[in-house]
Each structure stands twice: as structure tokens, then as C-alpha cells.
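Q: Could you walk me through one part of this fold up close? I'd like to know which helices pack against each other there and what lies around them.

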Amino acid sequence: MSATTVNTVEAIVRIRREVCALHTELTRYELVVWTAGNVSARVPGHELMVIKPSGVPYDALTPGSMVVTNLHGVPVAGDIDGEWGNPTLSPSSDTAAHAYVYRNMPDVGGVVHTHSTYATAWAARGEPIPCVLTMMGDEFGGTIPVGPFALIGDDSIGRGIVDTLRASHSPAVLMQNHGPFTIGKDARSAVKAAVMCEEVARTVHISRQLGEPLPIDAGQIESLYDRYQNVYGR
């Protein structure tokens with residue numbers, strides 16, 4: 001194999017391990033049930049992505065079962081030694097949505113979809129989660145928005161994700177009647193956003209049972225976001 005091919009294979013092997021491992025975070029934080037939900041990652045420097053196979057239980061996932069596709073969601077063949085590409089498994093039913101995000105948001109390196117209970121409940125109402133927590137200002141830079149209703153099967157969901165998030169600081173969008181999708185600079189960042197999205201969805205829901213949550217001034221939200229994104233932990 002050429003040096004380019006070796007580098008590609010090494011990158012894919014590494015990304016498949018990372019994506020497989022990150023699926024355990026979805027179950028650990030109780031963001032998914034049965035086989036629902038998925039994590040994907042862009043393969044840096046290549047027009048490729050790695051995503052969970054469709055219909056495979058989480059406890060049966062292995063790095064080798066992660067599916068490699070191009071950025072149109074079409075599975076690609078492996079190298080001559082079979083180090084990647086599994087023709088016996090189909091990619092997630094959400095692959096077209098993930099692929100559309102990667103094609104249209106070049107800074108995104110990871111995408112996550114879950115049906116986490118509280119965030120999905122907000123999505124079922126078609127209601128954005130208002131920014132009433134400093135944590136939300138830090139992580140999401142404001143309200144977590146709602147994206148349009150769209151059916152699985154083509155890139156309609158991806159279009160809704162991109163159109164909604166381009167107008168927001170938020171790395172999370174609640175697709176109406178469906179559930180949350182999150183993005184990040186890499187797959188781990190997207191998983192973190194999914195975990196935090198569910199946490200604030202639950203907290204704000206509980207707060208509303210006690211009364212009307214207090215809004216945070218828009219200027220204060222911007223200050224929180226800027227500090228957390230550009231100063232905190234640096």
C-alpha cells in the first residue's frame with residue numbers, strides 16, 4: 001500500500017475505535033434505549049465518516065462493526081487487508097442527516113443523535129429550551145433551538161439541523177417530534193453536548209413545575225458564553 005493509503009487506514013482504525021468507545025457514554029448517561037441513537041465522526045483530511053451500524057445493540061458494538069461511508073452516506077470498501085469497511089452491516093438510518101451536516105459545516109467533526117427523555121419531550125412540544133441557567137449560557141450560548149419536522153430517509157433532517165444551527169451558538173438542536181442532534185469539533189465534543197442538553201432539558205422542566213424560571217439577560221448570556229468558550233480551562 002502507498003503511504004497515503006496507510007495513513008488513511010490508520011486514521012480510520014483510530015476513528016472507529018473512538019466512535020465505538022463513545023457509544024458507551026450514551027448508555028452510561030442513559031441517553032438511548034435499545035438500538036436507538038448514534039455517534040459519528042468525520043475522518044480528518046478525508047471525505048469520509050464513521051458511524052454506528054443500524055440495528056446493532058450497544059453491548060454488541062465493536063470497532064470493527066463501525067461503518068465507513070463517504071460524505072453522501074454511501075458505504076465504502078475496505079483496504080486489501082480488510083482493516084476497515086464492513087459490507088455485512090448497514091450504516092445507521094440517520095446516516096444521510098449526519099453526512100449532510102459534514103458536507104455543509106466543515107468545522108464539524110462529530111455528530112450525535114439520541115432520544116434522551118427530557119430533551120425529546122421538549123422536541124415533542126416543538127418548544128425551545130429557554131436559557132435560564134448559567135450552564136446553558138456557557139455551553140449553548142443561549143436557547144437550545146427547535147428544528148423543523150422532517151422524515152428519516154433522505155437529507156431532510158440534515159438540512160433542518162444545518163439551517164437551524166447556523167443561526168445559533170448552540171451545538172444542540174431539538175428536531176421537532178424527533179429528538180436532539182448535537183455537533184462538535186470532534187465526536188467527543190458532540191457527545192458532551194448531548195449529555196449537557198439532556199441535563200438542562202431535565203433541570204428546566206423541573207424548574208417549570210415549581211414556577212416560571214427567571215430569564216438571563218442577553219448581554220449576560222454573551223458574556224458567559226465568551227468566557228467559557230475562550231477563557232475557561234485554557
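A: Let's start with helix H3 (residues 117-125) and helix H6 (residues 187-210), which pack at an angle of about 70° with their axes 7 Å apart. Axes here are lines fitted to C-alpha atoms, for helices over the stretch in contact, and angles run from 0 to 180 degrees between N-to-C directions. Helices (H or I, at least four residues) and strands (E, at least two) are DSSP runs, numbered from the N terminus. One caution before going on: this is a predicted model, where local features need pLDDT of at least 70 and side-chain atom pairs count only at pLDDT 80 or more, while totals for chains, interfaces and linings use all residues. Residues are numbered from 1 along each chain as its sequence is written, and side-chain values use heavy atoms, with hydrogens and water left out.

Back to the pair: H3 and H6 are therefore roughly perpendicular to each other (65 to 115 degrees; under 35 is roughly parallel, over 145 roughly antiparallel, and the rest oblique). Their crossing is left-handed, meaning the near helix is turned anticlockwise from the far one by less than a right angle. On the H3 side, Thr117, Tyr118, Ala119, Trp122 and Arg125 do the touching, and they meet Cys197, Glu198, Ala201, Arg202, Val204, His205 and Arg208 in H6; contact means heavy atoms within 4.5 Å. By type, the residues of this contact divide into 6 nonpolar, 2 polar and 4 charged. For that split, Ala, Val, Leu, Ile, Met, Phe, Trp, Tyr, Cys and Pro count as nonpolar, Asp, Glu, Lys and Arg as charged, and the others, Gly among them, as polar.

Now look at the loop between strand S4 (110-113) and H3, where you'll find Ser116. Ser116 counts as buried, at 1% relative accessibility (buried is under 20% relative accessible area, exposed over 50%, partly exposed in between, with a 1.4 Å probe and protein chains only). Leaving out residues up to four places away in sequence, Ser116 touches Leu31, Pro180 and Glu198. Glu198 is also one of the H6 residues that meet H3.

H6 has the sheet to deal with too: H6 lies across strand S1 (38-43), S4, strand S6 (172-175) and strand S7 (179-184), running at about 145° to S7. That sheet is open and mixed, with 7 strands in the order S3-S2-S1-S4-S7-S6-S5; two strands pair if DSSP finds at least two bridges between them. Strand S3 (67-70) and strand S5 (146-147) stand at the edges, each with a single partner strand, so one side of each is left without a neighbour in the sheet.
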